[in-house]
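Here are some notes for a first look at this model. Please keep the structure open while reading.

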There are 2 protein chains.
Amino acid sequence: MELRFIRGGVCAVDGVLAAGCREGKYGVGLIINRGSTAAAVFTSNRVRAEPVKLTERVIADGSISAIVANSGNANCFTGREGMDDARRMARKVAESLSMDESEVAVASTGVIGRRMPIDKIEFLIQSAAAQLENSEAASGALAEAIMTTDTFPKEVAVEFELETGEKARIGAVAKGSGMIAPNMATMLSFITTDVDASSSELTEALRVAVDESFNMLIVDGDESTNDMVIISSTRTSGRIDSNFREALVAVCRELARMMARDGEGATKSFQVDVVNAGTHEDAKMAARAIAGSSLVKTAIFGADPNWGRIVAAAGYSGAEFDPEEISVTLESDSESVVIVDHGDILAFEGTEELETAERVMTSKEIRIIVDLAAGDESATAYGCDLTYDYVRINAEYTT
Amino acid sequence: MELRFIRGGVCAVDGVLAAGCREGKYGVGLIINRGSTAAAVFTSNRVRAEPVKLTERVIADGSISAIVANSGNANCFTGREGMDDARRMARKVAESLSMDESEVAVASTGVIGRRMPIDKIEFLIQSAAAQLENSEAASGALAEAIMTTDTFPKEVAVEFELETGEKARIGAVAKGSGMIAPNMATMLSFITTDVDASSSELTEALRVAVDESFNMLIVDGDESTNDMVIISSTRTSGRIDSNFREALVAVCRELARMMARDGEGATKSFQVDVVNAGTHEDAKMAARAIAGSSLVKTAIFGADPNWGRIVAAAGYSGAEFDPEEISVTLESDSESVVIVDHGDILAFEGTEELETAERVMTSKEIRIIVDLAAGDESATAYGCDLTYDYVRINAEYTT
């Protein structure tokens with residue numbers, strides 16, 4: 001299937017309106033998709049923010065008309081007042097746009113455990129509601145409004161053909177950065193499409209896509225209380241099929257890669273491809289362990305081709321393999337070098353392999369390929385380096 | 001039971017000889033305890049260093065006469081030559097001290113994947129063998145010789161009475177610092193005692209002690225390929241009993257606390273006591289998740305009483321609890337403050353609780369008590385802050 005990356009984010013889908021407003025550390029983004037079919041995946045953290053609890057109820061009937069998301073305050077661990085605040089956000093949207101508040105999904109991201117500055121958020125909702133448009137600029141403003149420690153807005157849109165030949169689109173925005181672990185911690189993503197599908201069909205497709213993308217992204221291993229991914233459809237194109245499912249995985253993976261690039265304090269991002277694992281679960285465990293290892297992450301920051309840490313992380317991941325059969329390859333955009341070949345170290349001091357490996361490790365985007373030689377399953381995880389700035393950002397976050 | 005902390009490390013036990021020599025980044029430590037009963041616990045990493053494989057065989061008969069440990073090179077992922085080098089270390093000890101090489105346990109710590117500088121190590125073994133003594137200085141030299149990125153040597157010794165009234169002793173040295181995760185990554189600990197026990201009795205007591213101490217210690221979440229804890233007994237005191245088991249847990253916990261204080265780049269250490277969990281497993285999962293959270297660790301570095309991160313880590317740990325019933329207390333040596341009480345946040349802006357919490361967070365050793373209100377099981381984990389220096393040390397380690 002051919003996938004064409006296009007501009008426009010969530011507004012790449014006809015009929016979807018978006019807007020975003022920001023004032024100081026608070027921002028509000030709006031997506032309007034009246035009467036759309038919808039599905040969502042939420043954080044698996046036992047501690048769940050109030051908007052997560054509310055939106056789960058809103059989306060239970062498989063339909064939404066709007067999404068409102070604020071940055072600056074997570075509205076988590078804020079008790080009954082927090083639920084009131086989440087409801088007030090939905091109500092403000094409903095009032096401003098003449099819809100039922102039970103059709104408004106709510107998302108929040110930011111500091112945990114502080115009460116929402118609800119008057120300010122309501123004011124921003126009203127401002128955003130006055131600026132709704134189906135335009136590239138509107139989706140861009142939305143993407144910027146939901147940023148917290150993100151350093152750039154994250155949008156993707158694709159156009160492709162369904163098996164019937166009908167043209168279809170998927171558009172998406174996301175916010176990522178810190179506290180991102182397997183099981184998508186502190187990330188929000190809102191996806192739109194025109195593909196015709198029921199809520200349960202969307203749910204199934206979304207779960208698979210999230211599992212292969214956001215759930216394989218590790219910034220610091222912490223999992224947040226606020227994550228959600230929502231997909232909503234205008235149902236104006238053809239029926240859901242495997243082309244759509246493939247496109248959805250590609251969109252989510254692209255967002256995950258962007259989030260890895262924008263991990264808190266990150267200077268480099270990397271991708272771990274575990275191949276020839278005995279089971280898909282083994283491939284996932286090994287890829288995640290390597291992408292999540294503090295020692296691998298600091299080695300990448302230090303441009304050190306420390307295959308020992310890579311192999312050791314695979315070793316404690318729980319995946320089955322024979323250390324004497326493992327191979328490790330490092331790749332940049334322009335070079336590729338095998339540093340461990342079936343358990344033999346090729347990149348030792350004085351070799352050309354080590355020289356190449358050191359050069360590869362200085363590039364901004366690195367691919368680590370680990371061949372477990374134990375089967376034919378594979379998985380990919382996304383990560384970023386662990387840097388002085390990660391420490392600085394998180395040591396100073398609430399001050 | 002009264003436990004008296006005494007000096008002397010492994011040499012606190014009569015009849016045990018020790019020595020340590022260091023040259024540049026390489027060190028060798030020796031412990032001689034001829035014909036002692038012994039037991040060990042090894043890394044659970046699938047990738048195991050050659051000395052781990054060798055020592056597992058040496059100790060299989062429940063007896064050893066000597067332990068040789070080197071720092072500077074982990075002898076891991078070094079293939080057949082690595083096993084030859086590990087054997088050469090055992091042989092050198094056996095030749096120098098007229099014992100059978102099958103009675104010599106070998107341990108290594110340091111860089112992974114580089115061949116051992118075996119001539120230098122053999123020279124250091126010979127030097128150490130000429131300096132063996134039963135003295136405080138000898139145990140101290142051993143503790144220093146096995147250091148890698150450790151900033152201080154780690155020794156503990158205790159004297160206590162068995163239930164029969166007989167006096168008994170336990171002595172220990174350890175090396176810790178980086179790459180320490182649950183399941184005791186890159187840590188070595190050698191423990192001596194005079195308590196009379198079979199190898200299987202020692203194994204059982206050691207497993208319990210390790211589980212409550214080293215396995216609850218988290219520096220960076222990575223688990224090494226080289227860890228081992230060996231206990232050996234002269235069997236010159238009374239029979240093993242519950243007083244011994246209790247003393248062994250206390251010794252191992254004290255070593256774990258020392259390792260937390262000396263985590264790579266750490267400026268502060270902390271202890272997480274999870275109380276009133278539904279099951280012991282829940283208590284352990286929650287304590288480890290909190291102690292291992294990068295966000296909690298950076299908050300401690302930044303002296304930020306960020307209970308949100310503590311509660312969020314408990315939330316993704318897998319432990320069962322009701323977020324609205326959780327309580328969190330912060331303690332220093334001199335102060336204690338409840339910051340979350342049955343789900344109610346007490347330490348918000350402008351409160352005395354927040355002021356106290358901020359003061360507590362500036363102390364060098366912090367205790368975090370998390371009450372899950374779900375049962376009566378408890379567990380303790382040990383951790384340290386995540387700092388600029390952790391990043392620096394590990395970004396530059398092999399260069």
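The points below cover an annotated residue, the pairing of the chains, and one sheet.

1. Start with the caveat: this is a predicted model.

2. UniProt, in an unreviewed entry, lists A:Thr186 under "active site". Find A:Thr186 in the loop of chain A that joins β7 (167–175) to β8 (188–193). Is A:Thr186 buried or exposed? The relative accessible area of A:Thr186 is 14%. Buried means under 20%, so A:Thr186 is buried.

3. Next, the two chains. A turn of 180 degrees, with a shift of 0.0 Å along the axis, lays chain B on chain A with an RMSD of 0.0 Å. The two copies are therefore related as by a two-fold rotation axis. The same surface serves both: 100% of the contact residues of chain B recur in chain A. Which residue of chain B comes closest to the rotation axis? That is B:Tyr388, with its C-alpha at 2.6 Å.

4. Now the sheet in chain B. Seven strands form an open sheet with mixed pairing, in the order β9-β16-β11-β15-β12-β13-β14. β9 (217–218) and β14 (344–345) of chain B stand at the edges. Each has a single partner strand, so one side of each is left without a neighbour in the sheet.

5. Look at one edge. β9(B) pairs with β16 (residues 377–384) of chain B in the parallel sense, over two bridges. There, B:Leu217 stands opposite B:Tyr382 in β16(B).

6. Finally, two helices of chain B. Helix α9 (residues 307–316) lies across β12 (327–331), β13 (336–341), β14 and β15 (365–371), running at about 125 degrees to β12(B). Helix α10 (residues 352–360) packs on the sheet and touches β12, β13 and β15 of chain B. The direction of α10 makes about 120 degrees with that of β13(B).

Key
Residues numbered from 1 in each chain as written. Chains lettered and ligands numbered in written order. Predicted model: local features only at pLDDT ≥ 70, side-chain atom pairs only at ≥ 80, totals over all residues. Heavy atoms only, no water. UniProt positions renumbered as here; feature names shortened; annotations may be inferred. Helix = DSSP H or I, 4+ residues; strand = E, 2+ residues; numbered from the N terminus. Buried < 20%, exposed > 50% of the residue type's maximum accessible area, 1.4 Å probe, protein only. Least-squares fit on C-alpha atoms with pLDDT ≥ 70 in both. Contact = heavy atoms within 4.5 Å. Pairing = 2+ DSSP bridges. Axes fitted to C-alpha atoms, helices over the stretch in contact; angles between N-to-C directions.
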